[in-house]
Amino acid sequence: MKLYDMVLAPNPRRVRIFLAEKGIEVPCEQVDIPSGANLSADFLAVNPRGVVPTLVLDDGSVIDESIAICRYFEALHPDPPLFGTTPIEQANIESWQRQCEFDGLFAVAGVFRNRSPNFANRAMPGNAPALPQSSELAARGEVLTAHFFDRLEMRLAASPFVGGGAYSVADITAMVVIDFAKWVRIRVPEANAATLAWYAAVSARPSAKA
């Protein structure tokens, strides 16, 4: 088994945090995305999409997408549960995980990929067609990120964790969004006291260093 990883990238970090919470160790191989290593013939032979994280199992099966990889390990190692246990817990965690991903992570990525010099003509991830960067998409990403932070504050003012009463994969994604946003100089507003208190707590977990 091998996890193709990039230590700085947000999506592989989500998987590493998840594995750390589970106490699971998986051999990793680093893929240098800024240099284009994910588009090399060797890596595309592993994953034609050219994205990380990518998990290769002992039998050669390949799983990509962060949450798909996490769900695989959740099924193998259900304790501690990070996707919930009851139907309503699982539904709430799934809902908030998707909101954090679609409304938060994708918005920040829109700023990053449309401004970073390393991604000129690579505004979409992986082995996608070459696309130029767009200042308009970057500006829209800033607005959407700010909107997500406002909604996250409302949620955390009413709930101890993003997905409900216990730490879950939704907290992992939300924390990674906040750290990723720092790359493009977007920070949680100081007025968002519930978010900042929650963020301090989840960032202090040993897994956050994974």
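Okay, let's start with one residue: R205 counts as partly exposed, at 27% relative accessibility. For the cut-offs, buried means under 20% relative accessible area, exposed means over 50%, and partly exposed is in between (1.4 Å probe, protein chains only).

A quick word on the model. It is a predicted one, so local features need pLDDT of at least 70 and side-chain atom pairs count only at pLDDT 80 or more, while totals for chains, interfaces and linings use all residues. Residues are numbered from 1 along each chain as its sequence is written, and side-chain values use heavy atoms, with hydrogens and water left out.

Back to R205. Which residue does R205 meet in a salt bridge? That would be E21, with 2.9 Å from N to O. By salt bridge I mean a side-chain nitrogen of Lys or Arg within 4 Å of a carboxyl oxygen of Asp or Glu. This pair links distant parts of the chain: E21 is in helix α1 (residues 10-22), R205 is in the segment after α7 (193-203), and 184 residues separate them. Helices here are DSSP runs (H or I, at least four residues), numbered from the N terminus. As for E21, its relative accessibility is 16%, so E21 counts as buried.

Let's stay with helix α1 for a moment. K22 pairs up with E74 in a salt bridge, and their closest N and O atoms are 2.6 Å apart. E74 sits in helix α3 (residues 66-76) and K22 in helix α1, so this bridge ties together parts 52 residues apart in sequence. Buried or exposed, then, for E74 and K22? Both are buried.

On to another bridge, the one between E142 and R115, where the closest N and O atoms are 3.0 Å apart. Again distant parts of the chain get linked: E142 is in helix α5 (residues 135-158), and R115, 27 residues away, is in the loop between α4 (87-113) and α5. E142 has a relative accessible area of 32%, which makes it partly exposed. R115 is partly exposed too, with 43%. There's also a network: R13, D179 and K182 are joined by salt bridges that share partners. And how many salt bridges turn up in a search of the whole structure? The search finds 12.

Now for how the helices pack. Take α4 and α5: their axes come within 7 Å and cross at roughly 150 degrees. That makes α4 roughly antiparallel to α5. The axes are lines fitted to C-alpha atoms, for helices over the stretch in contact, and the angles run from 0 to 180 degrees between N-to-C directions. Under 35 degrees counts as roughly parallel, over 145 as roughly antiparallel, 65 to 115 as roughly perpendicular, and the rest as oblique. Among the residues that meet here are W96, C100 and V108 in α4, and L137, E142 and F148 in α5. So E142, our salt-bridge residue, is part of this contact. Contact, by the way, means heavy atoms within 4.5 Å. By class, the residues of the α4 and α5 contact divide into nine nonpolar, five polar and four charged. Nonpolar covers Ala, Val, Leu, Ile, Met, Phe, Trp, Tyr, Cys and Pro; charged covers Asp, Glu, Lys and Arg; and the others, Gly among them, are polar.

Next, α4 and helix α6 (residues 169-183). Their axes come within 9 Å and cross at roughly 15 degrees, and α4 and α6 are therefore roughly parallel to each other. The contact includes W96, C100 and E101 of α4, and T173, V176 and F180 of α6. This contact has 15 nonpolar, three polar and one charged residues.

E101 in helix α4 is worth a look of its own. E101 is buried, with a relative accessible area of 11%. Not counting residues up to four places away in sequence, E101 touches R14, I67, F106 and T173. The C-alpha atoms of E101 and V176 are separated by 9.7 Å, with the two residues 75 apart along the chain.

One more helix pair: the axes of α6 and α7 come within 11 Å and cross at roughly 105 degrees. That makes α6 roughly perpendicular to α7. D179 and K182 of α6 are among the residues in contact, and so are W198 and Y199 of α7. Here the split is six nonpolar, two polar and three charged.

Last stop, G126, found in the loop between α4 and α5. At 14% relative accessibility, G126 counts as buried. Leaving aside neighbours within four places in sequence, G126 is in contact with N38, L39, R49, G50, V51 and R113.

Terms used. Helix = DSSP H or I, 4+ residues; strand = E, 2+ residues; numbered from the N terminus.
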